[in-house]
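Biologist: I should like to learn how to read a structural model feature by feature. Could we proceed from the general idea to the particular case each time?

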Amino acid sequence: MAIGLGLILGFRPGAGVTGVVLAVALILVFSFALSWIWIVVSMLVQTPESVMTSSFLLLFPLTFASNIFVDPATMPGWLRTAVGYNPVTRVLAVSAVIVLIFAPLSMRMYRRER
């Protein structure tokens, strides 16, 4: 729906259909990885509101301190260095590490809970 609206408003992806499909796949991979973290958090806290608050506190700074909105070449040196280590910048590698750590952990916590 968002892609369709963008096309209606005049957005034309430079990489074509293949680039759009790969971008959506990348978003899905990163979302899948992050979901394992929130499974662990949800098993540790009491309320759904606590999960939402903790996720906002983590994801908000990671999103805005990344190369999503601004070209790192225009940033001060210290911020450019931080952006280079930001997990949003290195999505595939970070996604794999997150899944390798948090998937077994969340499954172990779930089994212990039941």
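Modeller: Let us begin with what covers the buried residues of helix H5; the cover includes helix H2, residues 16–44. Please bear in mind that this is a predicted model.

Biologist: Which residues of H5 are buried?

Modeller: A residue is called buried when its relative accessible area is under 20%. In H5, Val91, Ser95, Ile98, Ala103, Ser106 and Met109 meet that description. Ser95, which is placed in helix H5, has a relative accessibility of 3% and therefore counts as buried.

Biologist: With which residues is Ser95 in contact, leaving aside its neighbours within four places in sequence?

Modeller: With that exclusion, Ser95 is in contact with Val29, Phe30 and Ala33. One may also read the arrangement from the other side: Ala33, under the same exclusion, is in contact with Ser95, Ile98 and Val99.

Biologist: How many residues make up the largest nonpolar core, and which are they?

Modeller: The general idea is that nonpolar side chains tend to be buried together in soluble globular proteins. Here the largest nonpolar core has nine residues, namely Phe30, Ala33, Leu34, Ile37, Trp38, Val41, Val51, Val91 and Ile98. H2 and H5 are the elements that give two or more residues to this core. The greatest contribution comes from H2, with six residues.

Biologist: How does one judge the span of helix H5 against its number of residues?

Modeller: One allows 1.5 Å a residue, so the 23 residues of H5, 91–113, should span 33 Å. The C-alpha atoms at the ends of H5 are 31 Å apart, which agrees with that expectation. H5 nevertheless has a kink of about 25 degrees, centred on Val99.

Biologist: How many aromatic pairs does the structure hold?

Modeller: There are two aromatic pairs in the structure. One of them joins Phe32 and Trp36 in an edge-to-face arrangement, with 6.0 Å from centre to centre and 90 degrees between the planes. The label edge-to-face applies because the angle between the planes is over 60 degrees.

Biologist: Why might two residues of one helix be placed to pair in this manner?

Modeller: An α-helix has 3.6 residues a turn, so residues three or four places apart point the same way. Phe32 and Trp36 are four residues apart in helix H2, and are thus separated by about one helical turn.

Biologist: Is Trp36 buried or exposed?

Modeller: Trp36 is buried, as its relative accessible area is 16%. Phe32, at 47% relative accessibility, counts as partly exposed.

Biologist: Which backbone atom does the side chain of Ser55 reach?

Modeller: For a polar contact, one looks for N or O atoms within 3.5 Å. The side chain of Ser55 reaches the backbone oxygen of Met52 at 2.8 Å. Ser55 lies in helix H3, residues 48–64, and is buried, with a relative accessible area of 13%. Leu58 also lies in helix H3, but Leu58 counts as partly exposed at 37% relative accessibility.

Biologist: How far apart in space are Leu58 and Val17?

Modeller: Separation along the chain and separation in space should be read together. Leu58 and Val17 are 41 residues apart in sequence, and their C-alpha atoms are 32 Å apart. For Tyr85 and Ser66, 19 residues apart along the chain, the C-alpha separation is 8.9 Å. Tyr85 is found in the loop between helix H4, residues 77–84, and H5. With a relative accessible area of 68%, Tyr85 is exposed.

Key:
Residues are numbered from 1 along each chain as its sequence is written. This is a predicted model: local features need pLDDT of at least 70, side-chain atom pairs count only at pLDDT 80 or more; totals for chains, interfaces and linings use all residues. Side-chain values use heavy atoms; hydrogens and water are left out. The expected span of a helix is 1.5 Å times one less than its number of residues. The bend at a residue is the angle between axes fitted to the seven residues ending there and the seven starting there. Buried means under 20% relative accessible area, exposed over 50%, partly exposed in between (1.4 Å probe, protein chains only). Contact means heavy atoms within 4.5 Å. A polar contact is a pair of N or O atoms within 3.5 Å; within protein, one must be able to donate a hydrogen and the other to accept it, and residues adjacent in sequence count only if both atoms are side-chain atoms. Rings of Phe, Tyr and Trp (its six-membered ring) pair if their centres lie within 6.5 Å; planes under 30 degrees apart count as stacked, over 60 as edge-to-face and the rest as tilted. A nonpolar core is a set of buried Ala, Val, Leu, Ile, Met, Phe, Trp, Tyr and Cys residues joined through side-chain atoms within 4.5 Å.
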